[in-house]
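Work through the exercises below with the sequence and the model open. Each task is followed by a solution in steps.

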Amino acid sequence: MIEIKKDYNLTKLNTFGISAQTKFFVELNKESELKELFLSSEFKNNEKLFLGGGSNILFTKDFNGIVILNKLKGIEILEENSENVFIKSMGGEIWHNLVLFAVNKNYWGIENLSLIPGTVGAAPMQNIGAYGVEIKDIIENIETYEIKTGKKKIFEKKECEFGYRDSVFKNKLKGQYFISAVVLKLSKKQNQNLKYRALQEYLDKSNIKVGSSKDVSDAVIEIRRSKLPDPKVIGNAGSFFKNVFVSKQKLKDLLAEYKNMPYYEEEENFKVPAGWLIEKCGWKGKRIGNVGVHEKQALVLVNYGGATGKEIKDLSEQIIASVEDKFGLKIEREVNLI
Ligand code: EPU
């Protein structure tokens, strides 16, 4: 049985810790409850918002619809052979718990994605990524329900149209499917990905010779802990902005002026770290009232306590304007605004 609550406060359900109300709220604990949910008038007649860890969302106002909290749990090995293992995780699992499940068995492919906040179901939405790996690299397929019909549909990887922090679920099919589970294909053979410079540097510096996927996972956890604020201590949603794609010519122009500017090159695409651009504009560590820019990573906006979503949004707009002014580049938000 599902219980639909009225006028529910969401402060604890978003990592920014912003106080916002939703007209209706329901927790989904079993897949079989979806049917009942889809038939309810509260669901049928209202705007819907599926929530996982609430780690990529900024409430700038109350939500006049129904929030569905995905708490579907369960991780199982579907199939394995000498090379690969296929793991199914329900969408309400905490992403990092799935990572731990895999690295404790020494499976490879997911370890660079350690400690990313949020749930499994939300991860493919924005194709989470860190340290040279994106979830698209390990996805086999995604189990969903079509919201209009309640029918189950499996998306193969190529149907998901993954891009940098992007998928079909954020674009063409936005709001049309609920992700109930994800199937990953991991490797049983040692297969580390250390092409991300900061990761390799950390391993060298700490004299770590990688023997298991847990070694890499532990390193990523250390690096993240040293740079990124813990949402339990200080409200934030990880990277607030996306890194920015630039043309080859623009990159040349920038490098002529800023010789040490970091950038990534991926298949003829050039990306400049937004954190670097924001820092160069003088924002790093700056505080305005209840909100600010994190002192160790300028991509992260923080709520020092009692902030409204609007304060964060206003700060983000000032940052976007100043980066555009100085560099002629338009940075975009990664976080979803409500
Ligand atoms: N940099 C600065 N100043 C800053 C931040 C970064 O100069 O304030 C420079 C760094 O020195 C480095 C470069 O920018 O040369 C890249 O920095 P970093 O390795 O920290 O990564 P990022 O590009 O800033 C991205 C992801 C992170 C992910 C890291 C590690 C995006 C939007 N962010 O950040 O993802 O953890 O790479 O792979 O792509 C997240 O999405 O919430 C997130 C934290």
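**Exercise 1: two asparagines in loops**

Asn-207 sits in the loop that runs between helix H4 (197–205) and H5; helices (H or I, at least four residues) and strands (E, at least two) are DSSP runs, numbered from the N terminus. This is a predicted model, in which local features need pLDDT of at least 70 and side-chain atom pairs count only at pLDDT 80 or more, while totals for chains, interfaces and linings use all residues. Residues are numbered from 1 along each chain as its sequence is written, and side-chain values use heavy atoms, with hydrogens and water left out.

Task: state whether Asn-207 is buried or exposed, and find the sign of its phi.

Solution.
- Step 1. Apply the cut-offs: buried means under 20% relative accessible area, exposed over 50%, and partly exposed in between (1.4 Å probe, protein chains only).
- Step 2. Asn-207 has a relative accessible area of 72%, so it is exposed.
- Step 3. Its phi is near 60°, a positive value in a residue other than glycine.
- Step 4. For background, most residues other than glycine have a negative phi.

Task: do the same for Asn-127, starting from its place in the chain.

Solution.
- Step 1. Asn-127 is in the loop between helix H3 (95–103) and E8.
- Step 2. Its relative accessibility is 0%, and therefore Asn-127 counts as buried.
- Step 3. Phi of Asn-127 is near 45°, again positive in a residue other than glycine.

**Exercise 2: a side-chain contact**

Task: place Asn-56 and identify the residue whose side chain it contacts.

Solution.
- Step 1. The loop between strand E3 (47–51) and strand E4 (57–58) holds Asn-56.
- Step 2. Asn-56 counts as buried because its relative accessibility is 12%.
- Step 3. A polar contact is a pair of N or O atoms within 3.5 Å; within protein, one must be able to donate a hydrogen and the other to accept it, and residues adjacent in sequence count only if both atoms are side-chain atoms.
- Step 4. The side chains of Asn-56 and Gln-126 are joined by such a contact, at 3.4 Å.

**Exercise 3: the ligand and its shell**

Task: which residues come nearest to the ligand, and which side chains place a polar atom by a ligand oxygen?

Solution.
- Step 1. A residue is near a molecule or strand if one of its heavy atoms lies within 4 Å of it.
- Step 2. There are 25 residues around the ligand, and Tyr-131, Tyr-164, Tyr-196, Tyr-264 and Glu-279 come nearest.
- Step 3. Tyr-264 also has a polar side-chain atom 2.7 Å from an oxygen atom of the ligand.
- Step 4. For Arg-165, an N or O atom of the side chain is 2.8 Å from a ligand oxygen.
- Step 5. For Arg-224, the distance from a polar side-chain atom to a ligand oxygen is 3.3 Å.
- Step 6. On its own the ligand has 810 Å² of accessible area, and the protein covers 84% of this. Accessible areas come from the Shrake-Rupley method with a 1.4 Å probe; for residues, only the protein chains shown count as cover.

Task: which elements and residue classes make up the shell?

Solution.
- Step 1. Two or more residues each come from strand E8 (129–130), helix H5 (213–227), strand E13 (235–239) and helix H7 (274–280).
- Step 2. H7 gives the most, with 3 residues.
- Step 3. By class there are 12 nonpolar, 6 polar and 7 charged residues. Ala, Val, Leu, Ile, Met, Phe, Trp, Tyr, Cys and Pro count as nonpolar, Asp, Glu, Lys and Arg as charged, and the others, Gly among them, as polar.
- Step 4. Domain 2 (75–227) and domain 3 (235–337) each supply at least three residues to the shell; the domain bounds come from an automatic or database domain assignment.

**Exercise 4: pairs apart in sequence**

Task: how far apart are the C-alpha atoms of Ala-274 and Lys-242, and of Lys-248 and Asn-269?

Solution.
- Step 1. Ala-274 is in helix H7, and at 0% relative accessibility it counts as buried.
- Step 2. Ala-274 and Lys-242 are 32 residues apart along the chain, with their C-alpha atoms separated by 6.6 Å.
- Step 3. Lys-248 belongs to helix H6 (residues 248–257) and is exposed, at 52% relative accessible area.
- Step 4. Lys-248 and Asn-269 are 21 residues apart in sequence and 8.0 Å apart from C-alpha to C-alpha.
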